Amino acid sequence: MSLKTDSILIHGGIDGDVTTGAVNIPVYQTSTYKQDGLGVTRGWEYSRTGNPTRDALERLIAELEHGKYGFAFASGLAAINTVLSLFKSGDKLVVSDNIYGGTFRILENVFSNFGIAYEIVNTSDLQKVEDAIDEDVKAVFIESPANPLLTVTDIEAVAKIAHEHGKLLIVDNTFLTPYLQRPITLGADIVIHSGTKYLGGHSDTVSGLVVVKKKALADRLYYLQNAIGGVLAPWDSFLVIRGIKTLGVRMDRHVKNAERIARWLSESGHADRVYFPGLPEDPGYEIQKKQADGPGAIISFVLKDTYDYRKFFKNLKVITLAESLGGVESLVCHPATMTHAAIPENIRREVGIVDELIRLSVGIEDVDDLIADLEGAIEASGKGVV
């Protein structure tokens, strides 16, 4: 029976426990497994190599993303580290120009030591993607919408360009999740998630996930996952599975709240710029509508210079100043000094990550309370206000 996404969220992967009938997959909190003889196992040997709870999550995320093979890691960056380990000295990646700061950091300060290069490109401009691909390039790595400026890249078009040149397309789908966007159906070869965010959804666990469709690529990633060893623990795997069960109802509320707040910010006169692909005036609006089932729930905005953004953060009462995103609670951050501090200032400013930029992860609280909190903090941050 073919299930729709809302049902796969609850019944996908491995549905329950066949041994006891438990409706939830158990937490197999074990490091090793009894073998019935030399070379005779029951399918499990050692929990770095494979664990039934982690396996259930890996199958679930693969099914949700319309891929075939899933991999779960101890963090989103552990997932990115493993994917980047597919490449060797002399290889090069084309990377979206506003991308998670941790991705930039690991490329610039870790993989550059191994001779792996990268070029930062505005991947929403297809000609720039085409021009950046040469014989050294082995993959294009994008986020769409990108972090933190919500730039939308045409995934299907970039996949076509990459594949015409024999390159891989890697898509970080953290902001939208497979509930709203499924990059593999658009041609992506590798999909990455920080499961810490919307998939877990409750700010109580850290995880990373990867999905692929082709077996040869899956075999390489499985070898690297086992060899590098940054795997997700059983308990955290259980928490992410539990979070995914409510992803649909949470995302519906996240998006509904975000659409209303983005419109309020846009019409309030408080902001010089509002970045949100759910606004019809946003440059990525039409492509976002074409390739996803919603705009997500991250909004970035630049306060007018009549306000002091430092005072804004101090005057919030409901919304929390914190790293991360995608939890049930609304979180706000300052990309220039928090999530994207690893990116040199000249590069930040060039792409638009200015000091006045604020990123808001819209939660599932009452939207009127969130707007009142934003309005109160903005008004209290006026430069003439003592």
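Me: In this predicted model, which residues of H4 meet Leu-77, Ile-80, Asn-81 and Leu-84 of H3?
Reply: Helix H3 covers residues 76-84 and helix H4 residues 101-109. The two pack with their axes 10 Å apart. On the H3 side, the residues are Leu-77, Ile-80, Asn-81 and Leu-84. Their partners in H4 are Gly-102, Thr-103, Arg-105, Ile-106 and Leu-107.

Me: Are H3 and H4 roughly parallel or oblique to each other?
Reply: Their packing angle is about 40°. Roughly parallel needs an angle under 35 degrees. The crossing is right-handed. H3 and H4 are therefore oblique.

Me: How do H10 and H14 lie, roughly parallel or oblique?
Reply: Helix H10 (residues 247-268) and helix H14 (residues 367-380) cross at roughly 30°, and their axes come within 10 Å. The cut-off for roughly parallel is under 35 degrees. That makes H10 and H14 roughly parallel.

Me: Which residues of H10 make the contact with H14?
Reply: The crossing of H10 and H14 is right-handed. H14 brings Val-367, Asp-368, Leu-370, Ile-371, Leu-374, Glu-375 and Ile-378 to the contact. H10 brings Asn-257, Arg-260, Ile-261, Trp-264 and Leu-265.

Me: What distance separates the end C-alpha atoms of H2?
Reply: H2 runs over residues 52-64, which makes 13 residues. At 1.5 Å a residue, the helix should span 18 Å. The model agrees: the end C-alpha atoms are 18 Å apart.

Me: How many of the 13 residues of H2 are buried?
Reply: Buried means under 20% relative accessible area. Among the residues of H2 that qualify are Arg-54, Asp-55 and Glu-58, along with Leu-57, Leu-60 and Ile-61. H2 is mostly covered, and the count of buried residues is 11.

Me: Which residue caps the N-terminal end of H2?
Reply: The backbone nitrogen of Thr-53 has a side-chain oxygen 2.9 Å away. At the other side, H2 is followed by His-66, with a positive phi near 60°. The N-terminal cap is Asn-51.

Me: Which helices and strands are included in what covers the buried residues of H6?
Reply: H6 spans residues 155-164, and its buried residues are Ile-155, Ala-157, Val-158, Ala-159, Ile-161 and Ala-162. At the start of H6, a side-chain oxygen of Asp-154 reaches to within 3.3 Å of the backbone nitrogen of Glu-156. Just after H6, Gly-166 has a positive phi of about 75°. The cover includes helix H5, strand E4, strand E5 and helix H11.

Me: Is Asp-91 buried or exposed?
Reply: Asp-91 sits in the loop between H3 and strand E2. Beyond four places in sequence, Asp-91 touches Gly-115, Ile-116, Ala-117, Asp-136 and Lys-138. Its relative accessible area is 5%, and the cut-off for buried is under 20%. Asp-91 is buried.

Me: Which backbone nitrogen does the side chain of Asp-91 reach?
Reply: A polar contact needs N or O atoms within 3.5 Å. The side chain of Asp-91 reaches its partner at 2.9 Å. That partner is the backbone nitrogen of Lys-88.

Me: Which side chain does a polar contact of 2.6 Å join to that of Thr-205?
Reply: Thr-205 lies in the loop between strand E6 and strand E7. At 7% relative accessibility, Thr-205 counts as buried. Leaving aside neighbours within four places in sequence, its contacts are Thr-196, Asp-236, Leu-239 and Val-240. The 2.6 Å polar contact is with the side chain of Asp-236.

Definitions and conventions
Residues numbered from 1 in each chain as written. Predicted model: local features only at pLDDT ≥ 70, side-chain atom pairs only at ≥ 80, totals over all residues. Heavy atoms only, no water. Helix = DSSP H or I, 4+ residues; strand = E, 2+ residues; numbered from the N terminus. Expected span 1.5 Å × (residues − 1). Buried < 20%, exposed > 50% of the residue type's maximum accessible area, 1.4 Å probe, protein only. Polar contact = N/O pair within 3.5 Å; in protein donor to acceptor, adjacent residues only side chain to side chain. Contact = heavy atoms within 4.5 Å. Axes fitted to C-alpha atoms, helices over the stretch in contact; angles between N-to-C directions. Parallel < 35°, antiparallel > 145°, perpendicular 65-115°, else oblique. Left-handed = near helix turned anticlockwise from the far one by under 90°.
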